[in-house]
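Visitor: I'm new to this one. Could you pick a single spot and take me through it up close?

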Amino acid sequence: MLKIADKTFHSRLFSGTGKFANPSLMTDAILASGTELVTMAMKRVDLNRADDDILRPLIDAGVNLLPNTSGAGTAEEAVFAAKLAREALGTHWIKLEIHPDPKYLLPDPIETLKAAEELVKDGFVVLPYIHADPVLCKRLEQVGCQAVMPLGAPIGSNKGLKTRDFLEIIIEQANVPVIVDAGIGAPSHAAEAMELGADAVLVNTAIAVSPNPVAMAEAFKQAVRAGRMAYEAGLGGVSHAAVASSPLTAFLDEPVC
Amino acid sequence: MKIDVNGEPVELSAQATLAQLIDVLKQDVSGIAIAVNQTIVPQHEWDQYLLQDRDSIALFRAIAGG
């Protein structure tokens, strides 16, 4: 069981709601994944177009909602977005996401730290999305973030844990839950993150853009469980040379002692 | 009275509250947040909040995202 702030989770797989072909497919995939927390974004309403209603199905699915501040380029914009999200969804949980560069969508560490401090003071449960910077993670923890969300690779890239070595350091040093978020492109990446000791992973693109999102969601569910079980069971040491599994005797010649 | 809603001019013939405006715009009230002149107005105030001429309203909705 995973505890973050005032909530407890049985599933260590968190999911995004973006990029699905339609709300019905999104809901089916979310249910198949077993996730108990999904992210959402905030957007200015287009008065001339009706948005797909995804809120109702998510509420019916009984998942926790984690709005993000995507679109914000500065701490000030992110704080404003967080307050809008709190109003809109009635939750004080926020995924703090500030990425002004549209090509790589890498999070701005300075604006993120600034916004985190202000939002924590305003009573938010802040989950900051950041690069896998161990020092930054510690700073965010110190200002009161209830978890940290370091990236594996750029959003939507499906590259896997490019930041693996630094995720290891973060996991070793963190006193708050570590949720690997962004870049997880396959269930094997999710399992890898869990085997390293991550507390949870957040996956969106890999599930949503699969030709069969429901099956992919199930695959991720199993991978996260397998990875966590392996971590808790204890993984064997890694060595350069071979370490024999069978007795080292020539097959026909020597008796086994 | 002329107001601006998400960049679009809206003409209101009489005094209106925020709640009435949302009605007029046929917007679903679940999952939305409103700022008037960059200040967020909480939902429990929408019934009493009277709009003024030249007010700039920003209407936001929770949508799909990662």
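Guide: Sure, let's start with one short link: a polar atom on the side chain of Thr69(A) lies 2.7 Å from the backbone nitrogen of Glu97(A). Keep in mind that this is a predicted model.

So where does Thr69(A) sit along the chain? Look in the loop of chain A that runs between β5 (64–67) and α3 (75–89). Being in a loop doesn't put Thr69(A) on the outside here: its relative accessible area is 1%, and because buried means under 20%, Thr69(A) counts as buried.

Now for the company around it. If you skip the neighbours within four places in sequence, Thr69(A) is in contact with Ala78(A), Ala81(A) and Ala82(A), and also with Ile94(A), Lys95(A), Leu96(A), Glu97(A) and Ile98(A). Glu97(A), the partner from our opening link, turns up in that list too.

Let's step back to the nonpolar core. The largest one has 65 residues, and Leu58(A) and Val201(A) touch the most other members. Helix α3(A) gives this core its largest share, eight residues. That's the helix at the far end of Thr69(A)'s loop. As for Leu58(A), again leaving out neighbours within four places, its contacts are Thr17(A), Met26(A), Ile30(A), Val38(A), Met40(A), Val63(A) and Leu65(A). Another core, of 19 residues, lies apart from that one, and Leu47(A), Leu12(B), Leu18(B) and Val36(B) are among its members.

Finally, the wider setting: an unreviewed UniProt entry places "domain: Thiazole synthase ThiG" at residues 3–247 of chain A. Over that stretch the chain is 41% helix and 16% strand, with the end C-alpha atoms 45 Å apart.

Note on methods. Residues numbered from 1 in each chain as written. Chains lettered and ligands numbered in written order. Predicted model: local features only at pLDDT ≥ 70, side-chain atom pairs only at ≥ 80, totals over all residues. Heavy atoms only, no water. Helix = DSSP H or I, 4+ residues; strand = E, 2+ residues; numbered from the N terminus. Buried < 20%, exposed > 50% of the residue type's maximum accessible area, 1.4 Å probe, protein only. Polar contact = N/O pair within 3.5 Å; in protein donor to acceptor, adjacent residues only side chain to side chain. Contact = heavy atoms within 4.5 Å. UniProt positions renumbered as here; feature names shortened; annotations may be inferred. Core = buried A, V, L, I, M, F, W, Y, C linked by side-chain atoms within 4.5 Å.
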